[in-house]
Amino acid sequence: MHGLVRTSATLGKPGKSTLLEVEAPRAIDGRAPDVFRSGAWVPMRTYSDSEEVDFAIVGTGAGGGTLACKLAEAGFSVVAFDAGPFWRPLEDFASDERWQGGLYWTDKRITGGADPVELGSNNSGRGVGGSTVHYTMIALRWRPEWFECKSKLGYGRDWPISFDELEPYYEEAEEALQIAGPIDYPWGRRRKRYPRRSHPVNAPGLVLARGCERIGIKWSPVPLATLSSPRGMAHPCVYRGFCAYGCSTNAKQSVLVTFIPRAINAGAEIRDLAMVGKIEMGKDGRATGVHYHRNGNWHFQKAKNVVVAGYAIETPRLLLNSKCDQFPDGLANENGLVGTHIMIHSGPGVWGTFDEQIRQYKAPPCMAVTEHWNYDDSDKKDFHGAYAFMSQGPLAVGWAQCVAINRGLWGMKLREEMTRYNHVAGLRIVGETEPQHDNRITVEDEKDQYGLPIPRMTFSYSDNDKRLMKHSIGSMKSVLEAAGGKELWVDDDTSHLMGGCRMGDDPSDSVVDKDGQSWSIPNLWVCDGSLFPTAGGVNPSLTIQALACRMGDRIAEMAPRGEL
Amino acid sequence: MSGFKTPYPDYDVLEKRDSPSWNEQTREAVRQRLEDVPPRRFLSEEQWTLLEAIVARLVPQPDREEPVPIVPWIDEMLHKNETPGYRYADMPPMREAWQRGLDAIAAEARNRDGRSFEQLPPDEQDALLTDIQRNRVDKQIWGDLPAGGFFLHHLLKQTVGIYYSHPDAWSEIGYGGPASPRGYARLGPDERDPWEAREVDVA
């Protein structure tokens, strides 16, 4: 039997998994899991390794999964690889933080620098759909000026692409995900209405709302990629609150239940539990395909084009690990920029205790936002850059670890503090960090389970990053205090990964062009968060998906002109 | 002896096990946690006993006849080498960090007054753990293993994570627990669905 999930027959015996785990590839023999129906399958076109497909895409998350759909719908032959499993959310996902630990990328990685970033569950998914399977569904557009932040705002770098160029693709992505958002979103360019009605705001969100209103700044319900009314086989969000641990009802519009089914329907093959370890180069300086590990063996898929979409650690890692005699420093790395300028979102949070019961385990974790400081260009800021903050919704384990580690609390003090869980609400920023050359991905001599050199991420905050965080803590405190929060305290966290293969207009100063096409290898592309030249002050997934949608259209335009 | 009181004395999250708040896969995951407590396979007997004593200070359970098991699940994690997906550059690999960290705590205790950690009275155990948390340790014993980092990112994080993965811990803090397919209807402040914990005044 293919793709057996460990169920009652094998559970619980010593030595068996205590995490969500899928043992063997499921998307084989001409079919793939039907994510909408338990035990059912959908037909899937499959390609042989020797068949030279138009596109081999490495990664099926916000970038790769979205692009696989666009390219397949444009008529290209596509095989999209994912190192992780093809989940069946309705059958696989439990309502349990610990069990769902199987959703995350847990291969060997080293994290260093002055401010080492927590990886794994914090920012790295593993499985078809990528990190959108465990993201919190925040679907915000970039501030238009951020695409020209050097010219217009005086910091960072300009993107090679404008908001005007990307706007129709934001719209396309929002439509594809059926974003539920407010009628009037208070920031950014005037927009057409969101496809679905906004969700009711939960208690933690109303704390943010009350605090913002009292200090006189705007707030909004967060536009979310979870359904507020039925869509096809998926029913609306039931507010169970486990979004960061996988949605077991399919209300969440992850890539797994949106672009992937469309991609398969349009003829793409999704190859699950298939880890790509190397891109092969031909003598003519073009990529010829990818080496991948599946079912215990290495295979080689021939392809006319290779798209790397493994997110900001795995994408540079694959380019670096694909070094060969012709490209001794790795692929697309003539200028030494692959892996550099990695960015995160800084994420200090402020927590307070409230008289009323908040019960922050209910509903999506982030239901209210203020982008006030994303759009404030006054001289009251002592830093460059931007931040937004959202209401929060940690579950029991996440909350306990946050309290214990940030406050160093243990013993009966911890157990007593934890009994106040239902009276706590907090805010956390998505804070822009600067692109710095030395914040980067490198590869080590040490090998992972496939024998591939493991990645090291080095990260340190700049002085400006630190000023931004300090400012944001003051802002969050004033909002929480105004909302009636008592005994405020601050924690330290981060989110998201961006940069590492930045796009640009100048081949000497970027890895790929505005279409994601590498400067030095014309049939090698990048399509994920590693493209970002700057980090902005909102969650990156919608922008990644808009870029992927645009890239799909661009490739479809270029192909008939013979430009691929 | 314990003055600990939960504000949710009549709430037991397990009463929802057969309700629409739990799906089959959740029942199985929690059943396993309750019934299939794993045996010792990775730690030595000495390390296991020491860890039991440490854990009893990090998350004391004087109010329970049967404490929530923690050490077996740490041993299980180490046995399977289930890492979180990263290691800090100044830390050895996870298994080595635990081996060295536990042995260092044992040596640190013996070195101070000749008694093992387990033999120390609770307040002295707490004082020693606080020193480790704050890196006030004998460098000869710890070598290049960061004591405070081991304490926070391995010892405390896992102990707390395992304790608050247990339904008894969910009940005591009034956490809703599993909630699929039925989620929640009432989301606002001071709103409670009938299947959520009822808070009582414990003051």
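This tour moves through a predicted model of two chains, A and B, one selection at a time.

**Stop 1: where the chains meet**

Begin by displaying chains A and B together. Here 64 residues of chain A are in contact with 56 residues of chain B. On the chain A side, at least two residues each come from helix 2 (89-92), strand 5, helix 5 (203-215), helix 8 (396-407) and helix 9 (412-418). Select helix 8 of chain A next, since this helix gives the most to that side, with 6 residues. Colouring the chain A side by residue type will show 30 nonpolar, 20 polar and 14 charged residues.

**Stop 2: a sheet built from both chains**

Now select strand 5 (residues 110-112) of chain A and strand 1 of chain B. These two strands run parallel and are joined by 2 bridges. Within this pairing, Thr111(A) has Tyr88(B) as its bridge partner. In general, the strands of a sheet pair through backbone hydrogen bonds, either parallel or antiparallel.

Widen the selection to the whole sheet. It is open and has 4 strands, in the order 16(A)-17(A)-5(A)-1(B), with mixed pairing. Which strands stand at the edges? They are strand 16 (440-447) of chain A and strand 1 (87-88) of chain B; each has a single partner strand, so one side of each is left without a neighbour in the sheet.

**Stop 3: a buried alanine in chain A**

Go next to Ala274(A), in the loop between strand 7 (269-271) and strand 8 (275-281) of chain A. Is Ala274(A) buried or exposed? Ala274(A) counts as buried because it has 22 C-beta neighbours inside 10 Å, and 20 or more are required for that label. Leaving aside residues up to four places away in sequence, Ala274(A) touches Phe81(A), Asp82(A), Ala83(A), Tyr292(A) and Arg294(A). For a sense of scale, draw a distance from Ala274(A) to Val369(A): the two are 95 residues apart in sequence, and their C-alpha atoms are 38 Å apart in space.

**Stop 4: helix 5 of chain B**

Finally, select residues 122-133 of chain B, which form helix 5. This helix has 12 residues and reaches 16 Å from its first C-alpha to its last, close to the 16 Å expected at 1.5 Å a residue. Highlight its buried residues, Leu128(B), Leu129(B) and Ile132(B). Seen down the helix axis, the buried residues fall within an arc of 100 degrees, so they line one face of helix 5 of chain B. An α-helix has 3.6 residues a turn, so residues three or four places apart point the same way.

To see what covers these buried residues, add other parts of chain B, including helix 2 (45-58), helix 4 (94-113) and helix 7 (147-163). Just after helix 5 of chain B, the tour ends at Asn135(B), which takes a positive phi of about 65 degrees.

Conventions
Residues numbered from 1 in each chain as written. Chains lettered and ligands numbered in written order. Predicted model: local features only at pLDDT ≥ 70, side-chain atom pairs only at ≥ 80, totals over all residues. Expected span 1.5 Å × (residues − 1). Buried ≥ 20, exposed ≤ 12 C-beta atoms within 10 Å, placed from the backbone. Arc of directions from axis to C-beta. Contact = placed C-beta atoms within 7 Å. Pairing = 2+ DSSP bridges. Nonpolar A, V, L, I, M, F, W, Y, C, P; charged D, E, K, R; others polar.
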